[in-house]
Amino acid sequence: MGLVGRRKPLLEKLQRSLKTPSFIYAIDVSEEHLLHQAIQRHIKTVGIPDIVIANAGVSTGTLNSEKEDLVTFKRVIDINLYGVMHTFLPFMKAFKKRQHGQFVGIASVAGIRGLPGSGAYSASKAALINYLESMRIEMLPFNIQVTTIAPGYIKTPMTNDNTYTMPFILEVDEAVKRFMKAIDRKKKFVIIPWQMNILGTLMRLLPASIWDFLAKRGPRKLRAMINETFS
Ligand SMILES: NC(=O)c1ccc[n+]([C@@H]2O[C@H](COP(=O)([O-])OP(=O)(O)OC[C@H]3O[C@@H](n4cnc5c(N)ncnc54)[C@H](OP(=O)(O)O)[C@@H]3O)[C@@H](O)[C@H]2O)c1
């Protein structure tokens, strides 16, 4: 198994906690070249995996009217959208040749409609959902599955600082269990948990005027630049 993240100490800790042997790569997924090289090395060492999961993501509040937020906006897209492409691309040729494999992308309910105060995150996840969908159809002739998981809220460092109520929030272990079930069943698109699926499906169907009316009252993520310092 190969594990990617930027913080090596955290990867080492995770590696020690796993029963399955693993290789760690302290790489930023927005660094296409470095990630590509690491994946080539990984394939040479352990072979082609059955499943590739693109989970890396960042979230922060942004305001579309603030010019200085453009830097954050680009960074969020770089990681949340291009990072996924950089993760999948090096496996494409091998998966296609072998006619077997599964790509899993972790999107978000935030990608279903535009969320005020979260333009960057919302746009990155909306783009991701559509990218994964187009890829899913392109992969059909090659017997390659593409699974899109759109979670609601999960208790992780990403949601730690949220001061508002997060409906149907899942503990991380429970979320992982449900992710694994969806991956195992080769689901095409799934919103987790099921309560969020109902909400997400409704969100998708609402006319713009009703969505605007509801969303303007909704909670907003704190506006902040992305903190890029690692220990
Ligand atoms: N928590 C939620 O409520 C929620 C809801 C919907 C969707 N999601 C999605 O679920 C995924 C995981 O989020 P989380 O809640 O576990 O957030 P998290 O606790 O902040 O973890 C984010 C993970 O992504 C890695 N990462 C971030 N930027 C990276 C980069 N540039 N290169 C490589 N790795 C990077 C982080 O490791 P390093 O920092 O060490 O790189 C960390 O492992 C994300 O895609 C997120 O958008 C989360």
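Modeller: Ala, Val, Leu, Ile, Met, Phe, Trp, Tyr, Cys and Pro count as nonpolar, Asp, Glu, Lys and Arg as charged, and the others, Gly among them, as polar. By that sorting, the shell around the ligand holds 12 nonpolar, nine polar and three charged residues. Keep in mind that this is a predicted model.

Colleague: Which residues come nearest to the ligand?

Modeller: R6, R7, G57, T156 and M158 do, out of 24 residues around the ligand. Being near here takes a C-beta atom within 6 Å. R6 and R7 are Arg, so the definition files them as charged. M158 is Met, so M158 goes with the nonpolar residues. G57 is Gly, and Gly counts as polar.

Colleague: Which elements supply at least two residues of that shell?

Modeller: β1 (2–5), α3 (69–98) and α5 (157–160) each do. α5 gives the most, with three residues.

Colleague: What is the order of the elements in the protein chain?

Modeller: From the N terminus on, they run β-α-β-α-β-α-β-α-β-α-α-β-α-α. That comes to eight helices and six strands.

Colleague: How do you know how compact the protein chain is?

Modeller: Set two values side by side. The radius of gyration is 18 Å, and the globule rule gives 17 Å for 231 residues. The two are close, so the chain is as compact as a globular protein of that length. The C-alpha trace spans about 55 × 40 × 30 Å along its principal axes. Buried residues make up 28% of the 231.

Colleague: What share of the contacts with a separation of 6 or more joins residues 24 or more positions apart?

Modeller: The share is 63%. A contact here needs C-beta atoms within 7 Å.

Colleague: What makes strand β4 largely enclosed by the rest of the structure?

Modeller: Count its buried residues. A residue is buried if 20 or more other C-beta atoms lie within 10 Å of its own. Five of the six residues of β4 (residues 101–106) are buried, so β4 is largely enclosed. β5 is mostly covered too, with seven of its eight residues buried.

Colleague: In which sense do β4 and β5 pair, and over how many bridges?

Modeller: They pair in the parallel sense, over six bridges. The definition asks for at least two bridges. One of the bridges puts Q102 opposite its partner Q145 in β5. Strand β3 (residues 51–54) also pairs with β4 in the parallel sense, over four bridges. There, A54 stands opposite G105 in β4.

Colleague: How do you know whether the span of helix α2 agrees with its length in residues?

Modeller: The expected span is 1.5 Å times one less than the number of residues. For the 15 residues of α2 (residues 32–46) that should be 21 Å, and the end C-alpha atoms are 21 Å apart, so the two agree. G47 follows α2, with a positive phi near 95°.

Colleague: Why is N143 called exposed?

Modeller: The cut-off for exposed is 12 or fewer C-beta neighbours within 10 Å. N143 has 12, so N143 counts as exposed. N143 sits in the loop between α4 (119–139) and β5 (144–151). Its phi is positive, near 60°, in a residue other than glycine.

Colleague: Why is F168 called partly exposed?

Modeller: Partly exposed lies between the exposed limit of 12 and the buried limit of 20. F168 has 15 other C-beta atoms within 10 Å, so F168 is partly exposed. F168 is in the loop between α5 and α6 (172–184). Its phi is also near 60°, a positive value in a residue other than glycine.

Colleague: What makes D173 exposed?

Modeller: D173 has 9 other C-beta atoms within 10 Å, so D173 is exposed under the limit of 12 or fewer. D173 lies in helix α6. D173 and L3 are 170 residues apart in sequence, and their C-alpha atoms are 18 Å apart in space.

Colleague: And what makes V71 exposed?

Modeller: V71 has 12 other C-beta atoms within 10 Å, so V71 is exposed. V71 is placed in helix α3. Its C-alpha atom is 25 Å from that of A150, which is 79 residues away along the chain.

Colleague: Why is the peptide bond from I192 to P193 called cis?

Modeller: Its omega is near 0°. P193 is found in the loop between β6 (189–192) and α7 (194–205).

Methods. Residues numbered from 1 in each chain as written. Predicted model: local features only at pLDDT ≥ 70, side-chain atom pairs only at ≥ 80, totals over all residues. Rg over C-alpha atoms; globule rule 2.2 N^0.38 Å. Contact = placed C-beta atoms within 7 Å.
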